[in-house]
Amino acid sequence: MKIYPFVDLHAQYKRIEKEIDSEIKRVLNSSDFILGKDLEIFEKKFAAYIGVKYCIGIDSGTSALELGLQALGISKRDEVITPVNSFFASSVAISLIGGVPIWVDSDPKTYTIDVSQIEKKISKKTKAIMPVHLYGQSAEMDVIIKIARKYKLYIIEDACQAHGAEYKNKKVGTFGDIGVFSFYPGKNLGAYGDGGAIVTNSKTMYEKVLKLRNYGQQKKYHHDFIAGNKRLDSLQAAILSVKLDFLNEWNSKRRKLAGYYMELLKDLPLVLPYTASLNTHVFHLFVIRTQKRDNLKAFLMERGIHTGIHYPIPIYRQKAYKDIAGITDCYFPVADKQSKQLLSLPLYPELHKNDVKLISKQIRDFFNEST
Ligand SMILES: *Cc1c(COP(=O)(O)O)cnc(C)c1O
């Protein structure tokens with residue numbers, strides 16, 4: 001039986017093997033592994049790609065969220081507004097620096113933060129809004145920016161799933177005070193290990209994050225505050241520089257394949273991804289919705305088609321949050337309902353059009369058999 005993996009990182013490596021191997025060899029020969037030339041080159045290149053003044057390479061997306069929040073001055077018991085449907089990392093970064101995530105339900109159509117419910121969550125302790133550009137499409141930034149201005153709040157964008165995605169033809173990560181990216185291997189731009197970045201137009205934030213990632217020092221052995229080591233290493237930076245040249249091509253392939261799924265699945269009794277009109281979606285994930293999710297998932301698995309669920313348990317229902325879920329306002333009917341219905345289909349740039357056809361055919365068979 002042919003197996004359809006959910007993502008195939010090996011297929012991508014094979015396509016760029018020569019460039020990658022020679023870059024790895026070059027870095028090994030340079031033996032310049034930490035805070036060297038390769039990191040600087042990647043940071044400049046990624047900043048230019050996103051369209052910001054500064055980029056700082058960090059050791060993971062989660063660390064980058066933490067340092068971003070710290071750079072904004074968020075600390076003990078400060079509240080940060082963030083969606084309840086996201087990867088755990090968005091909320092836990094707030095908790096790790098002593099803050100409190102204040103959750104907001106999902107938009108029923110785009111699954112990103114429901115901006116109509118942000119204002120009622122604002123209190124005296126609110127310091128920032130952290131939208132997540134979920135599955136590869138931007139949150140509704142105009143509304144978020146308006147609210148942030150009105151209440152004097154910072155915006156930190158979690159763009160970990162949205163490298164190259166646009167809102168009103170401008171890249172995500174450029175709308176807030178700080179934008180955060182992850183280079184986890186399966187992301188649209190992925191390293192061969194952990195990695196992340198902070199982007200910003202503010203020189204003050206830039207200089208603060210430089211110190212935050214490197215023991216609070218600007219000058220060696222002069223430590224201005226308590227901070228650890230959260231640096232992106234040269235090998236990952238060199239790998240990311242190679243891969244960044246392919247990002248636009250890979251994103252447009254994802255969009256094409258997504259369009260193909262949309263066409264092939266359009267008359268079936270399921271909900272297809274909805275792209276808001278101001279967005280250019282980069283389809284980190286292709287997420288459908290059906291009440292028969294668990295049966296469909298099992299049916300596809302039996303036929304060698306691997307799918308994912310993003311996410312099966314809304315963050316406030318995680319055991320890790322059982323204490324604070326009891327004290328903050330936790331009523332999330334949309335996220336609760338959708339978490340039982342969401343299903344992510346295989347989607348990555350190297351997936352063949354014909355595979356999309358075969359996967360779609362199996363989904364069609366499932367609905368024919370189950371009705
Ligand atoms: C992947 C991801 C992160 C965390 O990134 P890591 O590099 O794995 O630490 C944060 N937020 C979202 C929405 C993500 O998808």
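Q: At what angle do the axes of helix α3 (residues 61-71) and helix α6 (residues 203-212) cross, and within what distance do they come?
A: The axes come within 9 Å and cross at roughly 125°. Axes are lines fitted to C-alpha atoms, for helices over the stretch in contact, with angles from 0 to 180 degrees between N-to-C directions. Helices (H or I, at least four residues) and strands (E, at least two) are DSSP runs, numbered from the N terminus.

Q: Which class does that angle put α3 in, relative to α6?
A: Oblique, because of that crossing angle. Under 35 degrees is roughly parallel, over 145 roughly antiparallel, 65 to 115 roughly perpendicular, and the rest oblique.

Q: What kind of model is this, and how are residues numbered?
A: It is a predicted model: local features need pLDDT of at least 70, side-chain atom pairs count only at pLDDT 80 or more, and totals for chains, interfaces and linings use all residues. Residues are numbered from 1 along each chain as its sequence is written, and side-chain values use heavy atoms, leaving out hydrogens and water.

Q: Back to the helix pair. Which residues meet?
A: From α3, Leu67, Gln70 and Ala71. They meet Met205, Lys208, Val209 and Leu212 of α6. Contact here means heavy atoms within 4.5 Å.

Q: How many of those are nonpolar, polar and charged in the contact of α3 with α6?
A: There are 5 nonpolar, 1 polar and 1 charged residues. Ala, Val, Leu, Ile, Met, Phe, Trp, Tyr, Cys and Pro count as nonpolar, Asp, Glu, Lys and Arg as charged, and the others, Gly among them, as polar.

Q: Glu66 is in α3 too. Buried or exposed?
A: Buried, at a relative accessible area of 12%. Buried means under 20%, exposed over 50%, and partly exposed in between (1.4 Å probe, protein chains only).

Q: What is Glu66 in contact with, leaving aside neighbours within four places in sequence?
A: Ala93, Leu96, Ile97 and Lys230.

Q: Ala93 belongs to α4. Which α4 residues are buried?
A: Ala89, Ser90, Ser91, Val92, Ala93 and Ile94. Their cover includes α3, β2, β3 (100-104) and β5 (154-158).

Q: What follows α4?
A: Gly98, with a positive phi near 95°.

Q: And ahead of α4, where is Asn85 found?
A: Asn85 is in the loop between β2 (79-83) and α4 (88-96). At 7% relative accessibility, Asn85 is buried.

Q: What does Asn85 touch, not counting residues up to four places away in sequence?
A: Ser106, Tyr111, Leu134, Tyr135, His310, Tyr311 and Leu342. The side chains of Asn85 and Tyr135 also share a polar contact of 3.4 Å. A polar contact is a pair of N or O atoms within 3.5 Å; within protein, one must be able to donate a hydrogen and the other to accept it, and residues adjacent in sequence count only if both atoms are side-chain atoms.

Q: Switching to α6: how exposed is Tyr206?
A: Tyr206, in helix α6, is partly exposed, at 22% relative accessible area. Beyond four places in sequence, Tyr206 touches Tyr54, Cys55, Ile56 and Thr200.

Q: How far apart are Tyr206 and Gly68?
A: They are 138 residues apart in sequence and 9.7 Å apart in space, C-alpha to C-alpha.

Q: Last one. Where does Thr174 lie?
A: In the loop between β7 (170-171) and β8 (178-182). Thr174 is buried, at 10% relative accessibility. The Thr174 side chain reaches the backbone oxygen of Lys171 at 2.5 Å. Leaving aside neighbours within four places in sequence, Thr174 is in contact with Ile50, Gly51, Val52 and Glu157.
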